[in-house]
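Visitor: Could you take me on a close look at a single part of this molecule, and then show me how the rest fits around that part? I am in my first year, so please go step by step.

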Amino acid sequence: MCIRDRNRTAISNLGEFGLIDHLTSNFKIKNSTTITGIGDDAAVLNFKDKSVVVTTDFLVEGVHFDLSYMPLKHLGYKAVVVNLSDVYAMNAMASQVTVSIAISNRFTLEAMEALYDGINKAAKFYGVDVIGGDTTSSISGLTISVTAIGHVSASEVVKRNGAKPNDLLVLTGDIGAAYLGLQVLEREKEVFKVDPNNQPDLDHYSYIIERQLKPEARKDIVKLLKDLDVKPTAMIDISDGLSSEVIHLCKQSVVGCDLYEEKIPLDPQVISTCEEFNLDSTTIALSGGEDYELLMTISQEDYPKIKGNPSLTVIGYMTEALSGMHLVTRGQEKIPITAQGWNACLLYTSDAADEGLGVDLGGR
């Protein structure tokens, strides 16, 4: 994608407020909790007797994403999704987001339209209202900050500190794919730098690349748990790697944990790509990141309700704090769990938003 095309529109032609009006003209109010959205000094929300949850994340070019292979449309989608995941991790439903961006003068109007198209598609798919934000200039590329707002009955809030000894440790979906998708993209980027005419064939890696470039948040799990009449005792989303999130739950709840290596769910594409890169799949599952699955603990009494459900896998159980946190290997050896999860710092080194690998996942 080239954003220096002379036929493209300079953002300076619109000015800040013209840009805001242009980019947000397609955002429509969908939720009854949104009284006033974009267009006033502040949004007005009314949640009545619900508890309100709020979360914010930054995505910084060169730290969290590389525009040489991250399409701006997918970036906008992902920026919303990573925040919604935190809302769902509280057992809440998301209803509003605000979006703020800082952009340098190398970005054109068309580039921002692509970014906001992704934001709009995520908002529509997850049923949230975009109710405001801010725009400003940047001397160091693109920065996106999204704040997500959700609601939940006070009695249904799930925090990180409620796990008890003997609770089951449960994971949604599978993990490790997003990290491996990044490894494939970084490898192909290096090939592209040597020969820009060599566009990669990524069909063999479609699942893991989509998990990296266009992840989905587990809104469905909040509804599933409600339908199953299961309230987790603790919950967190997997953004920083399984080992880090297990440690967060254990420390906040003052418990230990036995996590079973053989129970960790891995997609076949994860296993084959690990073999190709000569990587240990368990290490990737423990120390990767950006999977945005949900990790939770539930009472053993609720096990019959989730048994056999394809969306939920029991991967261990909680113990007394003095027992410590351990990975139980396939050989039944206990290894202490250490935090070696996702670290966003200096993961990417890109100065290119004007040319890229041509990755496009299509769809939403």
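Guide: Let's start with serine 100, whose bridge partner in strand E5 is aspartate 134. Please keep in mind that this is a predicted model. That pair belongs to a longer match: strand E4, residues 93-103, and E5 run in the parallel sense and are joined over 7 bridges. In general, the strands of a sheet pair through backbone hydrogen bonds, either parallel or antiparallel.

Now step back to the whole sheet. It is an open sheet of 4 strands, in the order E3-E6-E4-E5, and its pairing is mixed. Strand E3 (51-60) and strand E5 (129-137) are at the edges with a single partner strand each, so one side of each has no neighbour in the sheet. Ignoring direction, neighbouring strands here are turned by 15° against each other on average.

A helix packs on this sheet. Helix H3, residues 109-126, touches E4, E5 and strand E6 (143-152), and its direction makes about 170° with that of E4. In the loop between E4 and H3 you will find serine 104. Serine 104 counts as buried, because its relative accessibility is 9% and the cut-off for buried is under 20%. Leaving aside its neighbours within four places in sequence, serine 104 is in contact with Ser138 and Gly141.

H3 has a helix partner too. Helix H2, residues 72-88, packs with H3 at an angle of about 35°, and their axes are 6 Å apart. The crossing of H2 and H3 is right-handed. On the H2 side, the residues making the contact include Leu72, Leu75, Gly76, Val80 and Leu84, while on the H3 side they include Ala111, Ala114, Leu115, Gly118, Ala122 and Phe125. If you look at the spacing of such residues, it helps to know that an α-helix has 3.6 residues a turn, so residues three or four places apart point the same way.

Follow the chain back from H2 and you meet the loop between E3 and H2, where methionine 70 is found. Methionine 70 is buried, with a relative accessible area of 4%. Its contacts, leaving aside neighbours within four places in sequence, are Phe65, Leu75, Lys78, Gln212 and Leu213. Look at Leu213 in particular: leucine 213 is 143 residues from methionine 70 along the chain, yet their C-alpha atoms are separated by 6.4 Å.

Leucine 213 falls within helix H5 (206-213), and H5 is among the elements that cover the buried residues of helix H4, along with helix H8 (268-277) and helix H9 (281-287). Those buried residues of H4 include Ala177, Leu180, Gly181, Val184, Leu185, Glu188 and Phe192. H4 also allows a small check of its length. At 1.5 Å a residue, its 18 residues (177-194) should span 26 Å, and its end C-alpha atoms are indeed 26 Å apart.

There is another sheet to visit. This open sheet is formed by 7 strands in the order E8-E10-E7-E11-E9-E12-E13, with mixed pairing. Its edge strands are strand E8 (234-237) and strand E13 (334-336), each pairing on one side only. Here neighbouring strands are turned by 25° against each other on average, direction ignored. At the E13 end, strand E12 (residues 325-328) and E13 pair in the antiparallel sense over 3 bridges, and leucine 327 stands opposite isoleucine 335 in E13.

Helices lie across this sheet as well. Helix H6 (residues 219-227) lies across strand E7 (168-172), E8, strand E10 (294-298) and strand E11 (312-319), and runs at about 20° to E10. Helix H7 (residues 242-253) lies across E7, E8, strand E9 (256-260), E10, E11 and E12, and its direction is at about 150° to E8.

Two cysteines deserve a glance here. The structure holds 0 disulfides. Cysteine 250 is in no disulfide, and the nearest cysteine sulfur, that of cysteine 257, is 4.8 Å away, whereas a disulfide would need the sulfur atoms within 2.5 Å. Cysteine 250 is buried, with a relative accessible area of 2%, and cysteine 257 counts as buried at 0% relative accessibility.

Finally, the overall picture. The chain has 10 helices and 13 strands, and 52% of its 364 residues count as buried. Among contacts between residues at least 6 apart in sequence, 87% join residues at least 24 apart.

Note on methods. Residues are numbered from 1 along each chain as its sequence is written. This is a predicted model: local features need pLDDT of at least 70, side-chain atom pairs count only at pLDDT 80 or more; totals for chains, interfaces and linings use all residues. Side-chain values use heavy atoms; hydrogens and water are left out. Two strands pair if DSSP finds at least two bridges between them. Helices (H or I, at least four residues) and strands (E, at least two) are DSSP runs, numbered from the N terminus. Axes are lines fitted to C-alpha atoms, for helices over the stretch in contact, and angles run from 0 to 180 degrees between N-to-C directions. Contact means heavy atoms within 4.5 Å. Buried means under 20% relative accessible area, exposed over 50%, partly exposed in between (1.4 Å probe, protein chains only). The expected span of a helix is 1.5 Å times one less than its number of residues. A crossing is left-handed if the near helix is turned anticlockwise from the far one by less than a right angle, and right-handed if clockwise.
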